[in-house]
Amino acid sequence: MPGDGRPRVLVFDVNETLTDLSPLAARMAETGLPEQSLAAWFAGVLRDGIALSLAGGHASFGEVARDGLRTLAASARGVADPEAAADHVLAALPRLPLHPDVPDGVRALRAAGYRLITLTNGSAGTTRAVVDREGLTDFFETHLDVEAAGRWKPAREAYAHAVETAGVPADEVVLVSVHPWDIDGAARAGLATAWLRRSPQPYPASQLPAAIEATSLPDLAERLGAEGQLIDTEGIG
């Protein structure tokens, strides 16, 4: 029953959690940018967007991502038109594939009775395009981004926006993410958390741990169970 602290709403991060960014490497190479710069570029987008939020400013994911691509293009030989290169890479975002485990995991979680929402530092429209293309439209209630909150995750306001949209107490909302910084931020905002471990890299000891760790979305569905296990968020604030 509502108010018992059991998870009812799963809020998914999108980039790298649901979507596979690796095809962007080939897209970058087509413009003359080095394929191996993908990881550094994406990390830089997160760094600069989060830093801007901390400083009291705000820019969209697309704006920050474009700035990062233009910076890379300025130092890369063979990029004739940095703006065209940025356009070419960013145009691929709505066409990114989901990780192979996502469709079955989403279906299993929805069949178990969980409400599903996405929350991204990117664009809700981009998320919707990816999910719709994969035939998962009806499994999600809504797709959110941080524009309404005015601050990027892991700011508390971003998670509060998702909780308000869900209309349930924060401890009945589970943030599912591959990013430890996202898990830490959600936990500090009072949400329950599930870390999706898609790589062998360890979870940082300096950050608040996730209540649940899973290797895939079907694994998460198993761990939560059809009835929903009680996730302890006491002492996290």
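On one side of helix H5, Asp-104 and Ala-111 are exposed. The other side tells another story: along H5, which covers residues 102–111, the buried residues are Val-102, Pro-103, Gly-105, Val-106 and Leu-109. Looking down the axis of H5, these buried residues stay within an arc of 165 degrees, so they line one face of the helix. And what do they pack against? The buried residues of H5 have strand E1, strand E2 and helix H9 (217–224) as their packing partners. Just past the end of H5 comes Gly-113, with a positive phi of about 100 degrees. All of this is read from a predicted model, so it describes a computed structure.

Helix H4, residues 82–90, can be read in much the same spirit. Here Ala-85, Ala-86, Val-89 and Leu-90 are buried. Seen down the helix axis, the buried residues of H4 fall within an arc of 125 degrees, so they too line one face. Their packing partners are helices: H1 (23–31), H2 (38–54) and H3 (61–75).

Two of those partner helices hold residues worth a closer look. Ala-39 sits in helix H2 and is exposed, its relative accessible area being 58%; for a residue to count as exposed, that value has to be over 50%. Leu-21 is 18 residues away from Ala-39 along the chain, and the C-alpha atoms of the two are 9.1 Å apart. Arg-70, in turn, belongs to helix H3. With a relative accessible area of 37%, Arg-70 is partly exposed. Between the C-alpha atoms of Arg-70 and Gly-113 there is a separation of 44 Å, for a stretch of 43 residues along the chain. Gly-113 is the glycine already met just after H5.

Next comes helix H7, which spans residues 156–166. Its buried residues are Ala-158, Tyr-159, His-161, Ala-162, Val-163 and Ala-166. They pack against four strands and a helix, namely E1, E2 (115–120), E3, E4 (173–177) and H8 (180–188). Right after H7, Gly-167 has a positive phi of about 75 degrees.

Strand E4, one of the partners of H7, contains Leu-175. Is Leu-175 buried or exposed? Its relative accessibility is 0%, so Leu-175 counts as buried; the cut-off for buried is under 20%. Leaving aside residues up to four places away in sequence, Leu-175 touches Val-11, Tyr-159, Asp-182, Ile-183, Ala-186, Leu-191, Ala-192, Thr-193 and Ala-194. One of these, Tyr-159, is among the buried residues of H7. The C-alpha atom of Leu-175 is 17 Å from that of Ala-112, a residue 63 positions away along the chain.

The backbone has a couple of quirks as well. Most residues other than glycine have a negative phi, and most peptide bonds are trans. Against that background, the peptide bond running from Lys-153 to Pro-154 is cis, with omega near 15 degrees. Pro-154 lies in the loop that links strand E3 (142–145) to helix H7. The other quirk is Glu-16, whose phi is positive, near 80 degrees, although Glu-16 is not a glycine. Glu-16 is found in the loop between strand E1 (9–12) and H1. With a relative accessibility of 30%, Glu-16 counts as partly exposed.

Stepping back to the whole protein, there are nine helices and six strands. The radius of gyration is 18 Å, close to the 18 Å that the globule rule gives for 237 residues, so the protein is as compact as a globular protein of that length. Along the principal axes, the C-alpha atoms fill a box of roughly 60 × 40 × 30 Å. How much of the protein is buried? Of its 237 residues, 49% are. As for contacts with a separation of 6 or more, 64% of them come from residues 24 or more positions apart.

The outside of the protein can be summed up in a few numbers. About 10600 Å² is exposed, and carbon and sulfur atoms supply 52% of that area. There are 20 positive and 32 negative charges, and their mean positions lie 2 Å apart.

Conventions
Residues numbered from 1 in each chain as written. Predicted model: local features only at pLDDT ≥ 70, side-chain atom pairs only at ≥ 80, totals over all residues. Heavy atoms only, no water. Helix = DSSP H or I, 4+ residues; strand = E, 2+ residues; numbered from the N terminus. Rg over C-alpha atoms; globule rule 2.2 N^0.38 Å. Buried < 20%, exposed > 50% of the residue type's maximum accessible area, 1.4 Å probe, protein only. Contact = heavy atoms within 4.5 Å. Areas by Shrake-Rupley, 256 points an atom, 1.4 Å probe, with all protein chains shown as cover. Lys, Arg positive; Asp, Glu negative; His and termini not counted. Charge placed at Lys NZ, Arg CZ, Asp CG, Glu CD. Arc of directions from axis to C-beta.
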